[in-house]
Amino acid sequence: MRPGEIDKNKSFAQWENLVNLYLKLDINVQTINQESEVPDMVFTADQGVVNGKTVLLSRFRHKQRQVETKYYKRWFLDNNYEIIDLPSGMNFEGNGELFFWNDLIFLGTGYRSDRDVAGIISKFFGNKVVVLEIVDPAFYHLDVGFFPLNKATIFYYPKAYSLKSQKTLRNVVPNLIEFTKEEALGFCANSVITDHHVICQKGNNSFEKKLMKLGYKTYPVELSEFMKSGGGAHCLTNTLEESYES
């Protein structure tokens, strides 16, 4: 964010609306205090990946975000989580780069996370890891261009990924749906799914229609202030417990 670009009151109102929507959908919400010197701390998805009461803590590539880690480490410890730290020199940015899908884990690499972290993640969770190489810096995290909907269906923006990764997805995913350029730039991938409800960015009517045809109810939310910094609903949310559906 560039100083002066963000409307502070509007951003807080948008964040509160997202929290209230989660509560309305019977999702338990826990929060962490925002520290003044780390504005991107609000993007909780990037902080680590939880497995039961253990968390694989992220290690940020860029100096601007590295300070966030100490605050999240303290939060996890205060809430009785065991911390696993990555080896020195290895970068990984949490749920912004990782999705569970059936018995696989999809891992995004290229701009923020290292390919070598795949082995550690596979050992931590006991799942096979499929590495997807991100080749467009506008889609720096996996959750900016990739959205698993259910056990058979994944939305993605092909141009965000290498040709090899695109081929891998076509071979693995029965119902692979391409985002249009407008949908991808509108942060459709940065949605959150719970049961048959999808919390998505407001203003993406074509995406909402596709979801409704697939039997899902949409809850569009206005997160324009956070999108200025490259984040949406998924970026603002770190899942501590998750259930799966067919």
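Me: Which residue follows α1, and what is the sign of its phi?
Reply: This is a predicted model, in which local features need pLDDT of at least 70, side-chain atom pairs count only at pLDDT 80 or more, and totals for chains, interfaces and linings use all residues. Residues are numbered from 1 along each chain as its sequence is written, and side-chain values use heavy atoms, leaving out hydrogens and water. Helices (H or I, at least four residues) and strands (E, at least two) are DSSP runs, numbered from the N terminus. After α1 comes aspartate 26, with a phi near 65°, which is positive.

Me: What length does α1 reach from its first C-alpha to its last?
Reply: Helix α1 spans residues 8–24, 17 residues. The expected span is 1.5 Å times one less than the number of residues. For α1 the expected value is 24 Å, and the helix comes close to it, reaching 24 Å.

Me: Why are the buried residues of α1 on the same side?
Reply: Buried means under 20% relative accessible area, exposed over 50%, partly exposed in between (1.4 Å probe, protein chains only). In α1, the buried residues are Ser11, Gln14, Leu18, Val19, Leu21 and Tyr22. They share a side of α1 because their arc, taken around the axis, is only 160°.

Me: Which elements do the buried residues of α1 pack against?
Reply: Contact here means heavy atoms within 4.5 Å. On the other side of α1, Asn9 and Lys24 are exposed. The buried residues pack against β10 (192–194), β11 (197–201), β12 (217–221) and α8 (224–227).

Me: Is the pair of phenylalanine 12 and tryptophan 15 stacked or edge-to-face?
Reply: Rings of Phe, Tyr and Trp (its six-membered ring) pair if their centres lie within 6.5 Å; planes under 30 degrees apart count as stacked, over 60 as edge-to-face and the rest as tilted. The structure holds 17 aromatic pairs. In this one, the centres are 5.9 Å apart and the planes 25°. The pair is stacked.

Me: How many residues apart in sequence are the parts that phenylalanine 99 and phenylalanine 146 tie together?
Reply: Their ring centres are 5.7 Å apart and their planes at 50°, so the pair is tilted. Phenylalanine 99 is buried at 11% relative accessible area, and phenylalanine 146 is buried at 0%. Phenylalanine 99 lies in strand β4 (residues 98–101) and phenylalanine 146 in strand β7 (residues 146–148), so the parts tied together are 47 residues apart.

Me: Which residues do ring pairs link into a cluster with Phe99?
Reply: Ring pairs connect Phe99 to a cluster. Its other members are Trp101, Phe106 and Phe146.

Technical notes. Arc of directions from axis to C-beta.
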